[in-house]
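Reader: Got a minute to go through a model with me? Let's put it up first.
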Amino acid sequence: MNPPAIEVSHLVKRYNGLTAVDDLSFDVQPGELFGFLGPNGAGKTTTIHILCTLLAPSSGSASVAGFDCLNQPRQVRQSLGIIFQDPSLDERLTAWENLEFHGMIYHMPKLLRRERMEAVLDLVDLGERRHSIVRTYSGGMKRRLEVARGLMHQPRVLFLDEPTIGLDPQTRRRIWDLFKQLRAQLGMTLFLTTHSMEEASQCGRVAIIDRGELLALDSPQALVAAHRAENLEKVFLTLTGHGLRDEEVSGPERMRDQVRRLKRWR
Ligand SMILES: Nc1ncnc2c1ncn2[C@@H]1O[C@H](COP(=O)(O)OP(=O)(O)OP(=O)(O)O)[C@@H](O)[C@H]1O
Ligand SMILES: [Mg+2]
């Protein structure tokens with residue numbers, strides 16, 4: 001039997017006094033479209049960064065595609081693709097150059113690299129703009145290029161941290177069609193965060209976390225039924241409350257959050 005695509009066991013991440021991830025445990029099966037939901041500051045990005053080997057946990061363990069995130073980071077990185085929450089393209093380069101650079105980092109041989117670059121650019125419909133400098137792209141085009149880059153090495157597990165943020169309904173729909181195609185054709189596992197409950201409702205299962213803790217995990221339909229709620233948004237608000245997260249953040253933590261938010265506005 002195949003190992004779970006993602007395994008998280010008693011995962012904890014502390015930043016000085018703050019526990020961002022608090023004893024989190026869950027599994028994601030191969031081929032799942034898994035939604036990872038939670039209010040601002042819930043610990044979603046921190047968890048994704050641990051799974052992608054960019055951060056070390058304070059305790060607990062995690063694996064991706066059967067490889068241990070702490071002890072087998074190289075194999076883990078080979079198995080996954082990531083679309084970061086914050087933009088991470090080199091805006092001074094063209095789309096083609098951004099993809100080429102990514103392929104080189106992954107040690108993809110030239111022929112394979114070129115073949116995949118053509119394929120992923122076609123997939124996100126950016127073939128004709130491949131030689132334009134990314135700075136001249138619209139926000140939606142940049143996001144599509146980031147998705148294309150995440151697919152270059154055909155990862156078994158794709159992490160998408162708010163992939164559709166700031167996109168118009170047409171582009172959102174296009175990206176969601178692409179997700180469904182990737183699952184159907186390649187059996188890819190998709191792990192995504194979103195604040196859109198409409199998008200979350202399209203996931204096979206969703207986890208709802210807050211303050212680093214897992215509050216619920218099931219299919220959107222089962223969660224709605226179990227809470228006798230109208231929709232997933234009502235379930236989310238029942239579990240996580242109506243208060244704004246920043247109200248409870250104080251002093252240096254608030255400063256750090258402000259800086260992070262400002263950076264996002266760049
Ligand atoms: N490098 C860091 N140093 C200190 N605290 C951090 C750091 N990164 C994140 N945090 C804190 O950890 C908590 C979880 O942050 P995280 O970015 O994982 O949340 P999130 O669920 O992705 O939120 P959002 O929906 O706003 O993206 C927050 O309180 C945040 O301020
Ligand atoms: Mg985040």
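Author: Here is a walk through the fold, the sheets, the ligand shell and a few residues.

Reader: Ground rules first: what kind of model is it, and how is stuff numbered?
Author: This is a predicted model, where local features need pLDDT of at least 70, side-chain atom pairs count only at pLDDT 80 or more, and totals for chains, interfaces and linings use all residues. Residues are numbered from 1 along each chain as its sequence is written, while chains are lettered from A and ligands numbered from 1 in the order in which they are written.

Reader: OK, how many helices and strands does the protein have?
Author: The protein has ten helices and ten strands. Both are DSSP runs numbered from the N terminus: helices are H or I with at least four residues, strands are E with at least two.

Reader: And the radius of gyration, what is it in the protein?
Author: It is 18 Å, which agrees with the value near 18 Å that a compact globule of 266 residues would have. That radius is taken over C-alpha atoms, and the globule rule is 2.2 Å times the number of residues to the power 0.38. Along the principal axes, the C-alpha atoms fill a box of roughly 50 × 45 × 40 Å.

Reader: What percentage of the residues is buried?
Author: Buried residues make up 38% of the 266. Buried needs 20 or more other C-beta atoms within 10 Å of the residue's own, exposed means 12 or fewer, and partly exposed is in between, with C-beta atoms placed from the backbone.

Reader: Sheets next. What's the strand order in the six-strand one?
Author: That open sheet runs 6-7-8-3-9-10, with mixed pairing. Two strands pair if DSSP finds at least two bridges between them. Strand 6 (80–83) and strand 10 (213–218) are at the edges with a single partner strand each, so one side of each has no neighbour in the sheet. From one strand to the next, the twist averages 15 degrees; angles run from 0 to 180 degrees between N-to-C directions, and axes are lines fitted to C-alpha atoms, for helices over the stretch in contact.

Reader: How do strand 9 and strand 10 run, parallel or antiparallel?
Author: Antiparallel, with five bridges joining strand 9 (residues 205–210) to strand 10. I209 has L214 in strand 10 as its bridge partner. Helix 9 (residues 232–240) packs on this sheet, where it touches strand 3 (33–37), strand 9 and strand 10, and its direction makes about 30 degrees with that of strand 9. Touching here means contact, with C-beta atoms, placed from the backbone, within 7 Å.

Reader: What does T240 touch?
Author: Leaving out residues up to four places away in sequence, T240 touches P39, I208 and D210. T240 sits in helix 9 and is partly exposed, with 19 other C-beta atoms within 10 Å.

Reader: Now the four-strand sheet. What's its order?
Author: The order is 2-1-4-5, again an open sheet, with antiparallel pairing. Strand 2 and strand 5 are the edge strands, each pairing on one side only. Strand 4 and strand 5 pair over two bridges, and S63 stands opposite D68 in strand 5. Helix 1 packs on that sheet, touching strand 1, strand 2 and strand 4, and its direction makes about 120 degrees with that of strand 1.

Reader: Why is helix 1 largely enclosed?
Author: Eight of the eight residues of helix 1 (residues 44–51) are buried, so the rest of the structure largely encloses it.

Reader: Switching to ligand 1: which residues come nearest?
Author: Y15, A20, K44, T45 and T46 come nearest, out of 15 residues around ligand 1. A residue is near if its C-beta atom, placed from the backbone, lies within 6 Å. Strand 2 (18–28), helix 1 and helix 10 (251–265) each supply at least two residues of that shell.

Reader: Last thing: where does N16 lie, and is it buried or exposed?
Author: N16 lies in the loop between strand 1 (6–15) and strand 2, and it is exposed, with 7 other C-beta atoms within 10 Å. Phi of N16 is positive, near 50 degrees. Most residues other than glycine have a negative phi.

Reader: And A65, what's its phi?
Author: Near 55 degrees, so to speak a positive value in a residue other than glycine. A65 is in the loop between strand 4 (59–64) and strand 5 (67–68), and it counts as buried, with 21 C-beta neighbours inside 10 Å.

Note on methods:
Contact = placed C-beta atoms within 7 Å.
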